[in-house]
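Biologist: Please give me a close look at the nonpolar packing, and then work outwards from there. Which residues make up the largest nonpolar core?

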Amino acid sequence: MFQMNRVVMVGTGTDVGETHVSALLIRALRSLGHQVTAYKPFLTGSATKPPWPPTSDIGILQAACAVPIEPPFVALSTPVSLYRAAKIDNVAINIEAAAT
């Protein structure tokens, strides 16, 4: 039987639906009996630490997984792209460190 180890969801921009599509995919996989979790390494435009509002990206993913998920590597409150939010908040993003 085929075992999927990882699915990566990417979008063409901010607020295009990656979180909602991910949540649907998570629920579908869970309904088939798979153990699924999510991780959103970079978060913008939301609360920057727990407790995560239910309508935030982390809250939506956590509800779909039905288990707590790891907090983002970087969370910025400005609702724009990661690069732009980091510039606005004067935050350096170390992509290599996020990959470990």
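Modeller: The largest nonpolar core has twelve residues: Ala-23, Ile-26, Val-36, Ala-38, Leu-43, Trp-52, Ile-58, Ile-60, Leu-61, Ala-64, Cys-65 and Ile-69. By core I mean a set of buried Ala, Val, Leu, Ile, Met, Phe, Trp, Tyr and Cys residues joined through side-chain atoms within 4.5 Å. Buried is under 20% relative accessible area, exposed is over 50%, and partly exposed is in between, with a 1.4 Å probe and protein chains only. Bear in mind that this is a predicted model, where local features need pLDDT of at least 70, side-chain atom pairs count only at pLDDT 80 or more, and totals for chains, interfaces and linings use all residues. Residues are numbered from 1 along each chain as its sequence is written, and side-chain values use heavy atoms, with hydrogens and water left out.

H1 and H2 each put at least two residues into this core, and the largest share, five residues, is from H2. Helices (H or I, at least four residues) and strands (E, at least two) are DSSP runs, numbered from the N terminus. As background, nonpolar side chains tend to be buried together in soluble globular proteins.

Let's zoom in on Cys-65. This residue sits in helix H2 and is buried because its relative accessible area is 4%. Leaving out residues up to four places away in sequence, Cys-65 touches Ile-26, Arg-30, Val-36, Thr-37 and Ala-38; a contact here means heavy atoms within 4.5 Å. One of those partners, Val-36, belongs to the loop between H1 and E1. Val-36 and Cys-65 are 29 residues apart in sequence, but 6.3 Å apart in space, C-alpha to C-alpha. Val-36 also touches Ile-26, Leu-29 and Arg-30, with residues up to four places away again not counted. For a contrast in the other direction, try Cys-65 and Lys-87: 22 residues apart in sequence, yet 32 Å apart in space, C-alpha to C-alpha.

Ala-23 is another core member worth a click: setting aside neighbours within four places in sequence, its contacts are Ile-60, Leu-61 and Ala-64. Apart from this core lies another, with five residues, among them Leu-76, Val-80, Ala-85 and Ala-86. Leu-76 turns up again in the contacts of Ser-46, which also include Ser-56 and Ser-77, once neighbours within four places in sequence are left aside. Ser-46 lies in the loop between E1 and H2 and, with a relative accessible area of 17%, counts as buried.

That loop has a backbone oddity too. Pro-51 is located between E1 and H2, and the peptide bond from Pro-50 to Pro-51 is cis, with omega near 5 degrees. Most peptide bonds are trans, and most residues other than glycine have a negative phi. Two residues go the other way on phi. Ala-66, in the loop between H2 and E2, has a positive phi near 65 degrees. Asn-90 has a positive phi of about 55 degrees without being a glycine; its place is the loop between helix H3 (82-88) and helix H4 (95-98), and at a relative accessible area of 71% Asn-90 is exposed.

On to the rings. There is one aromatic pair in the structure. Phe-42 and Phe-73 have ring centres 6.5 Å apart and planes at 90 degrees, so this pair is edge-to-face. The rule takes rings of Phe, Tyr and Trp (its six-membered ring) with centres within 6.5 Å, calling planes under 30 degrees apart stacked, over 60 edge-to-face and the rest tilted. The two partners are 31 residues apart: Phe-42 is in strand E1 (residues 42-44), while Phe-73 is in the loop between helix H2 (57-65) and strand E2 (74-76). Phe-42 is partly exposed at 24% relative accessibility, and Phe-73 is partly exposed at 38%.

Last stop, the space outside the packing. The largest pocket holds about 1700 Å³. Its lining has 47 residues, with Met-9, Ser-22, Tyr-39, Lys-40 and Pro-41 nearest its centre. Helix H1 (18-31), E1, H2 and H4 each give two or more residues to that lining, and H1 has the largest share, seven residues. On the method side, a pocket is an open set of points on a 1 Å grid over the protein atoms alone, where a 1.4 Å probe fits and protein lies on both sides within 12 Å along at least five of seven lines; lining residues have an atom within 4 Å of a point.

Key. Grid points are joined across faces, edges and corners, and a volume is the space filled by probe spheres set on the points.
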